[in-house]
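Notebook open. I wanted to look up some helix packing and a buried spot or two, so here are my jottings.

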Amino acid sequence: LAVLSTGTSLDAPNDYAGFAIGSSVMAGIIACTGYDQGSFNPAVTWGINLANYARAGRTSDPTASAWMIFMLSPMLGGIIAAAVFRLTRKREFLLMEPSAAAVELISLPEKLLAEFAGTFFLVLTIGTAATGPSPLAPVAIGLMLAVQIYTYGSVSGGLFNPAVAVAVLLSGRRKISPSDCAAYALAQCLGACLAGFFAVGTTSSSF
């Protein structure tokens with residue numbers, strides 16, 4: 001919902017969008033510490049756990065039901081967020097026809113590369129910080145997300161999350177097409193997988 005409100009509304013782009021989105025993730029991770037993986041992102045779940053499966057001597061082995069919960073719950077959250085966004089900003093849809101003219105000046109390969117790179121650095125930070133001894137892992141993760149949004153927000157929208165891509169698609173702002181949404185999700189998952197293997201190779205702890 002923070003992404004939709006600060007990145008797709010008529011008063012967007014908000015100069016503090018990256019900080020707002022990164023802070024919301026950081027707060028969620030801190031709040032869920034102890035009983036939840038805290039990824040809130042199917043690409044993160046996919047990349048980290050796929051790399052974990054390939055690791056010898058892993059200490060955890062998520063079940064199929066756990067995979068389904070962590071993959072589908074963020075998507076459901078994205079759908080609900082899109083509904084709340086549209087219900088709370090009805091006047092925007094009456095005042096102006098949504099347009100993506102400015103974004104169309106950037107080619108799809110450029111957008112996909114931005115999503116791939118941004119997701120890579122986000123997941124790499126999660127994989128290395130979350131397994132370390134520092135209690136400030138959520139801060140590092142939130143700040144990295146903010147940095148990537150500031151870096152690539154003007155290129156691809158700075159989504160870095162398949163669930164967010166779906167929410168933006170369903171918001172009705174025409175910021176992304178269905179085919180581009182699918183391509184975004186693929187690029188994000190590929191970036192997450194590569195980062196997951198990098199994280200496994202640089203840490204001695206299992207995820």
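First, my yardstick: I call a residue buried under 20% relative accessible area, exposed over 50% and partly exposed in between, using a 1.4 Å probe and protein chains only. This is a predicted model, where local features need pLDDT of at least 70, side-chain atom pairs count only at pLDDT 80 or more, and totals for chains, interfaces and linings use all residues. Residues are numbered from 1 along each chain as its sequence is written, and side-chain values use heavy atoms, with hydrogens and water left out.

Entry: Ile48. I found Ile48 in helix α3 (helices are DSSP runs of H or I, at least four residues, numbered from the N terminus). Ile48 has a relative accessible area of 6%, so I logged it as buried. I also checked Phe198: its C-alpha atom lies 9.8 Å from that of Ile48, though the two are 150 residues apart along the chain.

Entry: α8 and α9. I looked up helix α8 (residues 162-170) against helix α9 (residues 178-202) and got an angle of about 170°, with the axes 9 Å apart. Axes here are lines fitted to C-alpha atoms over the stretch in contact, and angles run from 0 to 180 degrees between N-to-C directions. The pair is therefore roughly antiparallel, the label for angles over 145 degrees.

Which residues of α8 meet α9? I noted Pro162, Ala165, Val166 and Leu169 in α8, against a set in α9 including Tyr184 and Gln188; contact means heavy atoms within 4.5 Å.

Notes: Helix = DSSP H or I, 4+ residues; strand = E, 2+ residues; numbered from the N terminus. Parallel < 35°, antiparallel > 145°, perpendicular 65-115°, else oblique.
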